Amino acid sequence: MDRIRVLITGRVQGVGYRAWAVTQASKLEVRGWIRNRADGAVEAEIAGDPDAVARMRDLLAQGPPLARVDRLVDEQPGVETLPDTFHTV
């Protein structure tokens, strides 16, 4: 199982980014969470099959049609237990 945490910047709030990400995560059967940050970025932590986690990262770097992803930065994953599904925090 792989686990990553990413920070996504650009036009990623108010464009359905988190709901779209939850749908993509469900299709890939990864678990974790996604949330808006006060600075306008979105942060997500993802865990699951290594190929699915890599694919989810790629999808987050592209974003949904109304979003504009300027940058996706990999961060150290947290140590807390992740939920069994992927959801908005």
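This is a guided tour of selections to make in the viewer, and the structure on display is a predicted model.

**The two helices**

Begin by selecting residues 17-28, which form helix H1, together with residues 50-62, which form helix H2, and turn the view until both can be followed along their length. Two packed helices are described by the angle between their axes and the distance between the axes. Here the axes of H1 and H2 come within 10 Å and cross at roughly 155 degrees. Because an angle over 145 degrees counts as roughly antiparallel, H1 is described as roughly antiparallel to H2. The crossing of H1 and H2 is right-handed.

Next, show the side chains where the helices meet: on H1 select Tyr-17, Trp-20, Ala-21, Gln-24, Ala-25 and Leu-28, and on H2 select Ala-52, Arg-55, Met-56, Leu-59 and Leu-60. Sorted by class, the residues in this contact of H1 with H2 are nine nonpolar, one polar and one charged.

**Gln-24, in helix H1**

Keep helix H1 in view and pick out Gln-24, which has its place there. Is Gln-24 buried or exposed? With a relative accessible area of 13%, Gln-24 is buried, and, when residues up to four places away in sequence are not counted, Gln-24 touches Met-56 and Leu-59.

**Asp-51, in helix H2**

Now move to Asp-51, which is placed in helix H2. Asp-51 is exposed, its relative accessible area being 62%. If you also select Met-1, you can draw a distance between the two C-alpha atoms: Asp-51 and Met-1 are 50 residues apart in sequence, and in space they are 9.5 Å apart.

**Glu-29, in the loop between H1 and E2**

Go on to Glu-29, which is found in the loop between H1 and E2. Glu-29 counts as exposed, at 70% relative accessibility. The backbone deserves a look here, since phi of Glu-29 is near 60 degrees, a positive value in a residue other than glycine.

**Arg-5, in strand E1**

Select residues 2-11, which make up strand E1, and within this strand find Arg-5. Arg-5 is buried, with a relative accessible area of 14%. Which side chains does Arg-5 reach through polar contacts? One polar contact, of 2.6 Å, joins the side chain of Arg-5 to that of Glu-45, and another, of 3.3 Å, joins the side chain of Arg-5 to that of Glu-80. To see the wider surroundings, display the residues that Arg-5 touches when those up to four places away in sequence are not counted, among them Trp-33, Glu-43, Ala-44, Val-73, Asp-74, Gln-76, Pro-77 and Gly-78.

**Arg-37, in the loop between E2 and E3**

The next selection is Arg-37, which lies in the loop between strand E2, residues 31-36, and strand E3, residues 42-48. Arg-37 is partly exposed, with a relative accessible area of 28%. A polar contact of 2.9 Å joins its side chain to the side chain of Asp-39. Leaving aside neighbours within four places in sequence, Arg-37 is in contact with Leu-7, Gln-13 and Glu-43. For Gln-13, which is 24 residues apart from Arg-37 along the chain, the separation between the C-alpha atoms is 9.0 Å.

**Leu-72, in strand E4**

Select residues 68-75, which form strand E4, and pick Leu-72 within this strand. Leu-72 is buried, with a relative accessible area of 16%. Not counting residues up to four places away in sequence, Leu-72 touches Val-6, Leu-7 and Ile-8, and also Arg-57, Leu-60 and Ala-61. For a reference point on another part of the chain, draw a line from C-alpha to C-alpha between Leu-72 and Ala-25, which are 47 residues apart in sequence and 17 Å apart in space.

**Ala-67, in the loop between H2 and E4**

Finish at Ala-67, which lies in the loop between H2 and E4. Is Ala-67 buried or exposed? Ala-67 is buried, with a relative accessible area of 11%. Once neighbours within four places in sequence are left aside, its contacts are with Arg-11, Val-15 and Tyr-17. Add Gly-16 to the selection as well, for the C-alpha atoms of Ala-67 and Gly-16 are separated by 7.9 Å, although these residues are 51 residues apart along the chain.

Note on methods. Residues numbered from 1 in each chain as written. Predicted model: local features only at pLDDT ≥ 70, side-chain atom pairs only at ≥ 80, totals over all residues. Heavy atoms only, no water. Axes fitted to C-alpha atoms, helices over the stretch in contact; angles between N-to-C directions. Helix = DSSP H or I, 4+ residues; strand = E, 2+ residues; numbered from the N terminus. Parallel < 35°, antiparallel > 145°, perpendicular 65-115°, else oblique. Left-handed = near helix turned anticlockwise from the far one by under 90°. Contact = heavy atoms within 4.5 Å. Nonpolar A, V, L, I, M, F, W, Y, C, P; charged D, E, K, R; others polar. Buried < 20%, exposed > 50% of the residue type's maximum accessible area, 1.4 Å probe, protein only. Polar contact = N/O pair within 3.5 Å; in protein donor to acceptor, adjacent residues only side chain to side chain.
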